[in-house]
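Okay, thanks for coming, everyone. I'd like to walk you through a protein chain today, so have a look at the screen and then we'll go through it piece by piece.

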Amino acid sequence: MKNQINDDSLLDKYDVALLSALQQDASATHQQLGELVHLSPSQVSRRITRLQASGIIRRTVALLDPARIGLGVRAISYVTLARHGEDEGAAFEQEIAAFPEVLECFAVTGESDYILQIVAASLSELSESVLRRLTRIKVVNNIRSNIVLQSIKSSTELPLGQVGR
């Protein structure tokens, strides 16, 4: 069973191997990647271009260590809106997009409407700057936050074991 990436192309075992290698080290050269996945550098280049054009590879970034650059506080915040409608959700989403401290924002089901992952330099910065600004968003009814004490697992790598079979 293969997964479609667009109307005329499918992920094969080479694509999956290439994606896996790129998740490990996106700065590897096409030559290095080719050796790992048993393709020529030109084939690697063509496949990467196709995977980018299809949107499977969204972008290539450097992953920074937040604590080493002075952003040692991480919080998970649960946001509940006062009212539930398209306008309220859109208003919240537009405002939250302007918060650089919010790394991720998920619309969810359950007790909360949104879950945020936030980084800050200190607890006071989190409280004074980020959470206080969040409470000023008119559609926000309630915010509950948990401070992360220790990161047990943090990964950006997607599990590719079931892909391309």
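**A walk through the chain**

Let's start at one small spot: His-38 sits in the loop between helix H2 (30-37) and helix H3 (41-53). By the way, helices (H or I, at least four residues) and strands (E, at least two) are DSSP runs, numbered from the N terminus. Before I go on: this is a predicted model, so local features need pLDDT of at least 70 and side-chain atom pairs count only at pLDDT 80 or more, while totals for chains, interfaces and linings use all residues. Residues are numbered from 1 along each chain as its sequence is written, and side-chain values use heavy atoms, with hydrogens and water left out.

Back to His-38. Its phi is positive, about 65 degrees, although His-38 is not a glycine. In general, most residues other than glycine have a negative phi. And is His-38 buried or exposed? His-38 has 67% relative accessibility, so it counts as exposed. The cut-offs here: buried is under 20% relative accessible area, exposed is over 50%, and partly exposed is in between, with a 1.4 Å probe and protein chains only.

Okay, zooming out. How many helices and strands are there in the protein chain? Five helices and six strands. If you read along the sequence, the order is β-β-α-α-α-β-α-β-β-α-β. The radius of gyration is 20 Å, well over the 15 Å that the globule rule gives for 165 residues, so the protein chain is more spread out than a compact globule. That radius is taken over C-alpha atoms, and the globule rule is 2.2 Å times the number of residues to the power 0.38. Along the principal axes, the C-alpha atoms fill a box of roughly 55 × 40 × 25 Å.

A few more overall numbers. Of the 165 residues, 31% are buried. The protein chain exposes about 11,200 Å², and carbon and sulfur atoms supply 50% of that; the areas come from the Shrake-Rupley method with a 1.4 Å probe, and for residues only the protein chains shown count as cover. As for contacts, meaning heavy atoms within 4.5 Å, take those with a separation of 6 or more: 66% of them are between residues 24 or more positions apart.

Now the inside. Which residues have the most contacts inside the largest nonpolar core? They are Phe-92, Leu-116, Ile-118, Leu-126 and Leu-134, in a core of 19 residues. Strand S3 (73-81), helix H4 (86-96), strand S5 (114-120) and helix H5 (123-135) each supply at least two residues of this core. Apart from it lies another core, this one of 16 residues, including Leu-19, Leu-33, Leu-160 and Val-163. By nonpolar core I mean a set of buried Ala, Val, Leu, Ile, Met, Phe, Trp, Tyr and Cys residues joined through side-chain atoms within 4.5 Å.

Let me pick out some individual residues. Leaving out residues up to four places away in sequence, Ile-118 touches ten-odd names you can find on screen, among them Val-73, Glu-101, Leu-126 and Leu-134. Leu-81 is in strand S3, and at 5% relative accessibility Leu-81 counts as buried. With the same sequence neighbours left out, Leu-81 touches Glu-88, Gly-89, Phe-92, Asp-113, Tyr-114, Val-139, Val-140 and Asn-141.

Then there's Ser-112, in the loop between strand S4 (102-107) and S5. Ser-112 is buried, with a relative accessible area of 7%. Beyond its neighbours within four places in sequence, Ser-112 is in contact with Tyr-78, Val-79, Thr-80 and Arg-144.

Over in helix H3 we find Ile-48, which is buried at 10% relative accessibility. Ile-48 and Leu-19 are 29 residues apart in sequence, and their C-alpha atoms are 8.6 Å apart in space. Not counting residues up to four places away in sequence, Ile-48 touches Leu-18, Leu-22, His-30, Leu-33 and Ile-57.

Gln-52 lies in helix H3 too, but Gln-52 is partly exposed, with a relative accessible area of 40%. From Gln-52 to Glu-104, 52 residues along the chain, the C-alpha separation is 22 Å.

Last stop: where does Phe-106 lie? Phe-106 is in strand S4 and is partly exposed, at 42% relative accessible area. Setting aside neighbours within four places in sequence, Phe-106 is in contact with Asp-113, Tyr-114 and Ile-115. That's my tour, thanks for listening.
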